[in-house]
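Trainee: I should like to work through this structure with you, beginning with the sheet and ending with the ligand. May we start with the term on which strand pairing rests?

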Amino acid sequence: MTDFEGLKALVTGGASGIGRATAELLAERGASVAVLDLDPSSVEKPLLGYRADVTDDASVRQAVAAAVADLGGLDVVVNNAGIGAQGTVEDNDDEEWHRVLNVNVIGMVRVARAALPHLRESSRAAIVNTCSIAATAGLPQRALYSATKGAVYSLTLAMAADHLREGVRVNCVNPGTADTPWVGRLLDSASDPAAERAALAARQPSGRLVSAAEVAGAIAYLASPLSGATTGTSLAVDGGMQGLRLRPVGQ
Ligand SMILES: NC(=O)c1ccc[n+]([C@@H]2O[C@H](COP(=O)([O-])OP(=O)(O)OC[C@H]3O[C@@H](n4cnc5c(N)ncnc54)[C@H](O)[C@@H]3O)[C@@H](O)[C@H]2O)c1
């Protein structure tokens, strides 16, 4: 018997990258898994796919209700859907700030709101939010994105406090730059994609990008009933980027 045997999990943004790796890992470890995504067309069995836009409350409520009905309950929510934004505070207008905050922050709120009545029914309930190193380190050209992830970090702590006595644990993961289709798109748009990839890899003490599977492993750790005493924490999955200060090679 594995730790997720018999558990029912829902992963937002589960059609790509970190969400996809997480949905597949939870299923491998015994969970029944529903994926909510803007485009669930690539979701394959045993995963169940549902179309949902996390910026649309009705769409989230409908998809969560359908997933819970099909799964027969809900134990784990992975709030992972998110989008990027580049630039300093001068580079994005109000509309863009509202758009990215709407997906990255209020999107998680909408999903949690719809899921909590079901999670309270579970004896092994957990929410894991996908946050970012951008919440805890100042990165250049990421003002808007960092503000959304800082909000996700604080939201994680507040939710952990609110729902502890209801038996719902809430934690987050803070990935460094992860090798996902998103980062692929970012590299494609750079003037020198190879140089950009090398710069991103060099920024992490490990000297390489994080893999989606490594982030999925951390999410599964926090979601697992084996981590029943862990709530209100953030787990860095960043090749040492947040915590370490290495000397240059050879010195
Ligand atoms: N890739 C990285 O370097 C990195 C680093 C730190 C944190 N993150 C976070 O990880 C999460 C996933 O990122 P990824 O790199 O796997 O990205 P990705 O673009 O590969 O996957 C994101 C998924 O979210 C879905 N999505 C986007 N907007 C949506 C919406 N409105 N409603 C429903 N689904 C929506 C997309 O369709 C896609 O399937 C995000 O929250 C991101 O902020 C990524």
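Mentor: Two strands count as paired if DSSP finds at least two bridges between them. Please keep in mind that this is a predicted model.

Trainee: Which residue in β6 stands opposite Thr 130?

Mentor: Strand β5 covers residues 125–130 and strand β6 residues 168–175. They pair in the parallel sense over 6 bridges. The residue that Thr 130 faces in β6 is Val 173.

Trainee: In what order do the 7 strands form the open sheet?

Mentor: The sheet is open and its pairing is parallel. From one strand to the next, the twist averages 20°. The order of the strands is β3-β2-β1-β4-β5-β6-β9.

Trainee: Why is one side of β3 and of β9 left without a neighbour in the sheet?

Mentor: β3 (48–51) and β9 (234–237) stand at the edges of the sheet. One side of each lacks a neighbour because each has a single partner strand.

Trainee: At about what angle does helix α3 run to β4?

Mentor: Helix α3, residues 94–119, lies across β1 (8–12), β4 (76–79), β5 and β6. Relative to β4, the helix runs at about 180°.

Trainee: Which peptide bond is cis, with omega of about 10°?

Mentor: Most peptide bonds are trans. Pro 46 is placed in the loop between β2 (32–37) and β3. The cis bond joins Lys 45 and Pro 46.

Trainee: What is the phi of Gln 141?

Mentor: Most residues other than glycine have a negative phi. Gln 141, in the loop between β5 and α4, has a positive value. Its phi is near 65°.

Trainee: Turning to the ligand, how far from one of its oxygen atoms does a polar side-chain atom of Ser 16 lie?

Mentor: The residues closest to the ligand are Ser 16, Asp 37, Tyr 145, Ala 178 and Thr 180. An N or O atom in the side chain of Asp 37 is 2.6 Å from a ligand oxygen, and a polar side-chain atom of Thr 180 lies 2.6 Å from a ligand oxygen. For Ser 16, the distance is 2.6 Å.

Trainee: What percentage of the area exposed by the ligand alone does the protein bury?

Mentor: Taken alone, the ligand exposes 820 Å². The protein buries 92%.

Trainee: Which element gives the largest share of the shell around the ligand?

Mentor: The shell residues divide into 14 nonpolar, 10 polar and 4 charged. The elements giving two or more residues are α1 (17–28), α4 (143–163) and α5 (181–188). The largest share, 4 residues, comes from α5.

Methods
Residues are numbered from 1 along each chain as its sequence is written. This is a predicted model: local features need pLDDT of at least 70, side-chain atom pairs count only at pLDDT 80 or more; totals for chains, interfaces and linings use all residues. Side-chain values use heavy atoms; hydrogens and water are left out. A residue is near a molecule or strand if one of its heavy atoms lies within 4 Å of it. A polar contact is a pair of N or O atoms within 3.5 Å; within protein, one must be able to donate a hydrogen and the other to accept it, and residues adjacent in sequence count only if both atoms are side-chain atoms. Accessible areas come from the Shrake-Rupley method with a 1.4 Å probe; for residues, only the protein chains shown count as cover. Ala, Val, Leu, Ile, Met, Phe, Trp, Tyr, Cys and Pro count as nonpolar, Asp, Glu, Lys and Arg as charged, and the others, Gly among them, as polar. Axes are lines fitted to C-alpha atoms, for helices over the stretch in contact, and angles run from 0 to 180 degrees between N-to-C directions. Contact means heavy atoms within 4.5 Å.
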